[in-house]
Amino acid sequence: MTEPKMLDAGRLRAKLVDSGPYAALDVVEVTGSTNTDLTAAAASGAADRTVLIAEEQRSGRGRMQRDWVSPRGCGLNVSVLLRPRVDPAVLALLPLVAGVALAETVDRATGVRAALKWPNDLLLGEEQRKAAGILAEATAGPDGVAVVLGMGVNVHHRAEQLPTGAGGLPATSLVEEGADVDREAFAVELLLAFAEFEDAWRSAGGDLERTGLLDRYQRWCATIGQAVRVELGGDEQLHGTAVGVDAGGRLVVRTSDGGLTPVSAGDVVHLRRA
């Protein structure tokens, strides 16, 4: 296996900024959260498509304010500041755009079996263990609404370094699934794929269907076809079978009475393949 090595900010900037689609890129040794840092940068006027990568992240955030901690040199902890001129109502679709970029990059670069769990998790291997999370956070400022989109990918983590997934779900990494990964090359490929898909989404006014990204997301989505329990908050739950994802990015669940319920937010538990 390839041993972890530190990322070279100069090489990354040469490929992603100087001759690539991004405006700025920095790599820091350690931070609490790349999303938090870029949110502050957004308030100070940082440019559209500014990228921040951390070698070590000590208090990263997932959905539902869960912690996401990654030891130095093990993961790809990256956030991108975006200022798309689209209806703010469609900004919540950005994690799905990032999910397609992530799943397709893993498939192309490593050959490891990848899948997506709605709305923002990457699953790997036959057992579909969690290996990455995606979090998009909107922030308002004098230049309008910006979005900071973060991706935390377990790359070189060994079993003893792996965090516990949401709800106690088992976690994995690319290396634990047998991939020999160069983090720098993987970062370049992922960020180029994301820029390509996000540009298409932006050009289509945030319409997932027009770009074909909705169909691509559904092909990768392991939640579709599963019997699921959706935890909606408090004691409220929805049980049924996930049958698709609609143009608004909502998970569509068929309940026992045959009705279809679109879910825009909630923790999804895969129960079994329906």
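Of the 70 residues in the largest nonpolar core, which touch the most other members? The views below come from a predicted model.

**View 1. Leu 122 and Trp 201 in the largest nonpolar core.** These two residues touch the most other members of the core, which holds 70 residues. Helix H4 supplies the largest share, ten residues. A separate core lies apart from this one and has seven residues. Leu 38, Leu 52, Leu 81 and Ala 146 are among them. In soluble globular proteins, nonpolar side chains tend to be buried together.

**View 2. The surroundings of Leu 122.** Residues up to four places away in sequence are left out here. Beyond those, Leu 122 touches Leu 102, Ala 103 and Val 106, among others. The list also includes Ala 114, Ala 115 and Leu 116. Arg 129, Lys 130, Ala 131 and Ala 132 are in touch with Leu 122 too.

**View 3. Asp 121 in strand E6.** Strand E6 covers residues 121–124. Is Asp 121 buried or exposed? Its relative accessibility is 7%, so Asp 121 counts as buried. The side chain of Asp 121 makes a polar contact with the side chain of Lys 130, at 3.2 Å. Asp 121 also touches Ala 115, Leu 116, Ala 132 and Gly 133, with residues up to four places away in sequence not counted.

**View 4. Strand E8 and its partners E4 and E7.** Strand E8 spans residues 144–154. Nine of its eleven residues are buried, so E8 is largely enclosed by the rest of the structure. Strand E4, residues 75–82, runs antiparallel to E8. Eight bridges join E4 and E8. Here Leu 76 stands opposite Val 153. Strand E7, residues 129–141, is also antiparallel to E8. Ten bridges join E7 and E8. Ala 138 of this pairing stands opposite Val 147 in E8. A hairpin leads from E7 to E8 through two residues. In a regular strand the side chains alternate between the two faces of the sheet.

**View 5. The buried face of helix H6.** Which residues of H6, residues 213–220, are buried? They are Leu 213, Leu 214, Tyr 217 and Trp 220. Seen down the axis of H6, these buried residues fall within an arc of 125 degrees, so they line one face of the helix. An α-helix has 3.6 residues a turn, so residues three or four places apart point the same way. What covers the buried residues of H6 includes three helices: H3 (94–110), H4 (183–203) and H5 (208–211). The cover also includes strands E5 (114–117) and E10 (236–245).

**View 6. Thr 255 in a loop.** This loop lies between strand E11 (251–254) and strand E12 (260–263). Thr 255 has a relative accessible area of 16%, and buried means under 20%, so Thr 255 is buried. Its side chain makes a polar contact with the side chain of Asp 257, at 2.6 Å. Leaving aside neighbours within four places in sequence, Thr 255 is in contact with Leu 238, His 239, Gly 240 and Thr 261.

**View 7. Two buried cysteines, Cys 74 and Cys 221.** Cys 74 has a relative accessible area of 5% and is buried. Cys 221 is buried as well, at 6% relative accessibility. How many disulfides does the structure hold? It holds zero. A disulfide is a covalent bond between the sulfur atoms of two cysteines.

Technical notes: Residues are numbered from 1 along each chain as its sequence is written. This is a predicted model: local features need pLDDT of at least 70, side-chain atom pairs count only at pLDDT 80 or more; totals for chains, interfaces and linings use all residues. Side-chain values use heavy atoms; hydrogens and water are left out. Helices (H or I, at least four residues) and strands (E, at least two) are DSSP runs, numbered from the N terminus. Buried means under 20% relative accessible area, exposed over 50%, partly exposed in between (1.4 Å probe, protein chains only). A polar contact is a pair of N or O atoms within 3.5 Å; within protein, one must be able to donate a hydrogen and the other to accept it, and residues adjacent in sequence count only if both atoms are side-chain atoms. Contact means heavy atoms within 4.5 Å. Two strands pair if DSSP finds at least two bridges between them. The arc is that of the directions from the helix axis to the C-beta atoms. A disulfide is a pair of cysteine sulfur atoms within 2.5 Å. A nonpolar core is a set of buried Ala, Val, Leu, Ile, Met, Phe, Trp, Tyr and Cys residues joined through side-chain atoms within 4.5 Å.
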